[in-house]
Each structure stands twice: as structure tokens, then as C-alpha cells.
Amino acid sequence: MENKEKEVSAMSLLIDDGYLSGLSRGQKLCREKEEGNREYKFKLTGLSDEQRNHRATQLHWRLNEGNDTAVYLIGVEDDGNQLGISEDDLKESLRNLKFMADQVGCEMSIKQLFAGEQGVTAEVHMRRLTRLTVDTCQVNVAVAGDLDAGKSTLIGVLSTGKLDNGRGLARMQVFRHNHEVESGRTSCISHHVIHFDDNGQILNSDPLGGCSTKTHRLRAFSDIELANESSRAVTLIDLAGHAKYLKTTLHGLVGRKLDYCLACIALSDSCFQMMKSHNSDSSFNNSSKTNTTDNSSDLSDYRTKSNNSMDSESSTCELQSMTVEHLNISLYLKIPILFAITKLDLLSKSTAANKNHPRIAAIIAAIESFFHKHNQLQQHNHQHSEQVRCQVIETPTQLVDVLMSMSHHHSYGRHERVVPIFLVSSVTGSGLQLLRSCLFQLHNP
């Protein structure tokens, strides 16, 4: 057979044993280079599944180097010597190479065969198939809120699929600087993409709570695989909560095309101002000494009463100043807002974490009061205002109804806006499944 380029399918080569006879000897090649799209492989035999997946990662890198094309030389040593391998080893090597091609989504064709010093060598061309990233729906969600609201931890849990240990382990995947790790506070803007498939499963992390052995992969998806396989990409933008970095947060809200804002409010005293009013007259007199009449009237809008074991006291809360700043900026930019009440694990295990809990009810009342004051200000300035209804999401049915209401509000310009509120814990995983489902189903405004 003449030594000329001739394309032969891999499967036909494996069947036709006589094709390997009458080959011309290959020439000495230059040493393999780490850069470029040419890869030397002496043989690909006796590989385990983990080894084949590792070789598929190498194929990805070569395809990227060659603008979606790569050349594999089988039976060639790293120094360029075409030593050659036996026909059986060549067939097994091509089978493994075909498996790798199927894994990364490219087609494989054998261009040339040569006679080496001790066997046969092959030149195999790989070409990536047409990418399907043009139909990927992309949604940008800014994660805002005051410091210590659990923003970075929540992003780390959602993007990696691993729960936090209660001491800030998850946020280490989000922080970019050493001083952030030391202080535990975000100082710069960072982006973290969650890739969903058609069924709403996250591709770039294990599902929360673990994954089944049926869907377990020995190798993580590469960036190109994620772009090709995902039908929806949700980018979570971590913003700083400290007042010191307000300009940085403002740049993150204004300098990017945001579709939604996820405001985090922690169920702890550090993220909202909590006041307790006892029924006894002595407690009322003591509290009146430390609070002016104006403050009492301002806090009356946030007051809520509980009907459980804490009947002897009622709790009121006020959103922190940075949370209010972030919400006002989002409203000014007409960015739809979602809420996540975090750190539910701080509640005792015997207490039900639902909207009827006094602290949770106090935060919900504060959110409603914030929107009420905003509407009053809009009406005072003779600007368009709309009614806002806060809905705590506790079941998938409620989530579907709220998402439909949000979609109809955007499409038909209804005067009532529905604001979903999620109750989540990054330590126990409570409520995270509903929040993840919401991120998958959010429409692109």
C-alpha cells in the first residue's frame, strides 16, 4: 500500500486484519512538545476506567490547543521514535481512543499507518463536533446582604454541592484573597457558575446530600463539557457586605447585567437588630428609658407577635443598613429581588423552622415593611408604585405558583409583585433543594 493519507474509520480497521500489511516505514519525529495539539502515545492498553477518563482530560487539552482538532500518534515514544506496537495492542489502543473520543464529543479518523521498528504506528486525527452552547440559557444572580449574612457560604454550598461544617469551610471555595480567609469577609467580586442539565441536575458538582453510583463520575466535567452539556447556566455573583466595600458592591450591581438579586438575611443578632418587649410593666419602663419616642414609632412597623411557646414576649427586627442599601440599589435598577433567610441551624432542633417562628416572622415583617415604605416614597414622589406580596417558599407547589406569578408580572406588567422568601441552612441543607430548583426555573427577563 502506498504511504499516502487515507481516511479509514476506526471500527472498519478493527475488523480488517489484512489492512495492516504492506506498510512503509515511518520517519523519525521530533520530541513531543507540551504545547500544541499533537500527542504521542506508545500504546493505550490495560487501562482502567479512571485511567481512560484521565486520558480523556488530556484529549480535551489537546483539542483546545488545536482549536477543536488534535493529532494522536500511536506507537510513538516521547522522543519521536516510531518504535511501533503489535496489531493486537494497536486494536486495543484504538478502542480506548474511540472511547475517549465519545466521552469528549469528537469524531475520530485514522489518517496514516506506518511500519515501526518493532510493530505498527498510527496517525489518528480527532475533531470536536459542533458545540451546542448557543442555546444555553444564562441567568446572572447577584448575592447581596449585610456582613455575616452567609452569602459566600451559601454560594460555596450551591456551587460545590458540599454542605458547610458550621465553621466556614464552604466559603473557602469562594474567597480569592488571604485576608478574606483570615477575616471571613468578602472584599471583592467573584463569579461562580452553576451548570444545569435539562432535568435540573447540577453538572459541575455532586447533588446536595450525595449522588447515586449510577450517575457518579470518576472525572469532573471540563469547562467545554459543561458548556456543551448544560442547558442553563446560573452565575452567582458574590458581593461584599461590609460598609467599607460599598463601592465595590455598587460596581458589582451597576457594572453588570443582572437578572435577579438574592438578598441574604441571617437568623442571628449580628444581621438584624432584635428587640424584645415583655408584658410586665417593669420591663416596659426599663425599655422606655433606653428608646426615644421616635424610635418606638419607627419600630412599630416591624412588630410581630408569636403564638407559640414564646407567648410571653414579642420580637421586632430592623434590617441592617447595608441590606437596605443593597435593596434600594436593586429596586432603583429594577432588578427582581429574592430573599434567603440563612443560618436556620442556629435554632434549636426542637423548634420548627417555619414562617411562624417568632424570629423568622419578625424578619418577614421587616421585609414587608421595607417594601411598604418604598411604595410610600414612590407615591410621595409621584412615581409608579406597585403592591408587593412576600411569599415564603416551603413546598414545590408554592415555588411553581410564585415563579408563574413572577413570569406573568414581567410579561403582562401586573401591579402586584411577588417576592419569594426561602428558609435555608448551609449546614443542615434545609431548604437548599427548593432554592436550587428556583435557580433552575428562573426565567431570563
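Two strands pair if DSSP finds at least two bridges between them. Strands here are DSSP runs of E with at least two residues, helices are runs of H or I with at least four, and both are numbered from the N terminus. The model is predicted, so local features need pLDDT of at least 70 and side-chain atom pairs count only at pLDDT 80 or more, while totals for chains, interfaces and linings use all residues. Residues are numbered from 1 along each chain as its sequence is written, and side-chain values use heavy atoms, leaving out hydrogens and water.

**Exercise 1. Work out the strand order of the 4-stranded sheet and find its edges.**

Step 1. Start with the order: this open sheet runs E1-E2-E4-E3, and its pairing is mixed.

Step 2. Now the edges. Strand E1 (38–41) and strand E3 (106–115) each have a single partner strand, so one side of each is left without a neighbour in the sheet.

Step 3. Check the twist: neighbouring strands of this sheet are turned by 20 degrees against each other on average, direction ignored. (Axes are lines fitted to C-alpha atoms, for helices over the stretch in contact; angles run from 0 to 180 degrees between N-to-C directions.)

Step 4. Zoom in on one pair. E3 and strand E4 (residues 120–128) run antiparallel and are joined by 9 bridges. Pick serine 109, and you'll find its bridge partner in E4 is histidine 125.

**Exercise 2. Find the helices that pack on this sheet, and say which strands they touch.**

Step 1. Look at helix H2 (residues 49–65): it touches E1, strand E2 (69–74), E3 and E4. Touching, or contact, means heavy atoms within 4.5 Å. The direction of H2 makes about 130 degrees with that of E2.

Step 2. Move on to helix H3 (residues 87–104), which packs on the sheet against E2, E3 and E4. The direction of H3 makes about 155 degrees with that of E3.

**Exercise 3. Do the same for the sheet of 7 strands.**

Step 1. This open sheet has the order E6-E7-E5-E8-E12-E14-E13, with mixed pairing.

Step 2. At its edges stand strand E6 (190–196) and strand E13 (387–393); each has a single partner strand, so one side of each lacks a neighbour in the sheet.

Step 3. Here the average turn between neighbouring strands is 25 degrees, direction ignored.

Step 4. For a parallel pair, take strand E5 (residues 137–145) and strand E8 (residues 260–266), which share 5 bridges. Alanine 142 has cysteine 261 in E8 as its bridge partner.

Step 5. Finally, helix H11 (residues 358–380) lies across E8, strand E12 (337–342), E13 and strand E14 (416–423), at about 160 degrees to E13.

**Exercise 4. Describe the surroundings of aspartate 238.**

Step 1. Place it: aspartate 238 lies in strand E7 (residues 232–238).

Step 2. Aspartate 238 is buried yet has no salt bridge. Buried means under 20% relative accessible area, exposed over 50%, and partly exposed in between (1.4 Å probe, protein chains only). A salt bridge puts a side-chain nitrogen of Lys or Arg within 4 Å of a carboxyl oxygen of Asp or Glu.

Step 3. The nearest side chain of opposite charge is lysine 151, 5.7 Å away. (Lys and Arg count as positive, Asp and Glu as negative; His and the chain ends are not counted.)

Step 4. List the residues it touches, leaving out those up to four places away in sequence: among them are Val143, Ile155, Val174 and Cys188.

**Exercise 5. Trace some of the salt bridges and say how exposed the partners are.**

Step 1. The structure holds 9 salt bridges. One of them joins arginine 62 and glutamate 32, with the closest N and O atoms 3.6 Å apart.

Step 2. Arginine 62 lies in helix H2 and glutamate 32 in the loop between helix H1 (10–15) and E1, so the pair ties together parts 30 residues apart in sequence.

Step 3. Arginine 62 counts as buried because its relative accessibility is 5%, while glutamate 32, at 21%, counts as partly exposed.

Step 4. Next, lysine 257 and aspartate 259 meet in a salt bridge (3.4 Å, N to O). Lysine 257 is exposed at 60%, whereas aspartate 259 is buried at 4%.

Step 5. To finish, follow the shared partners: salt bridges join Glu32, Glu39, Lys41 and Arg62 into one network.
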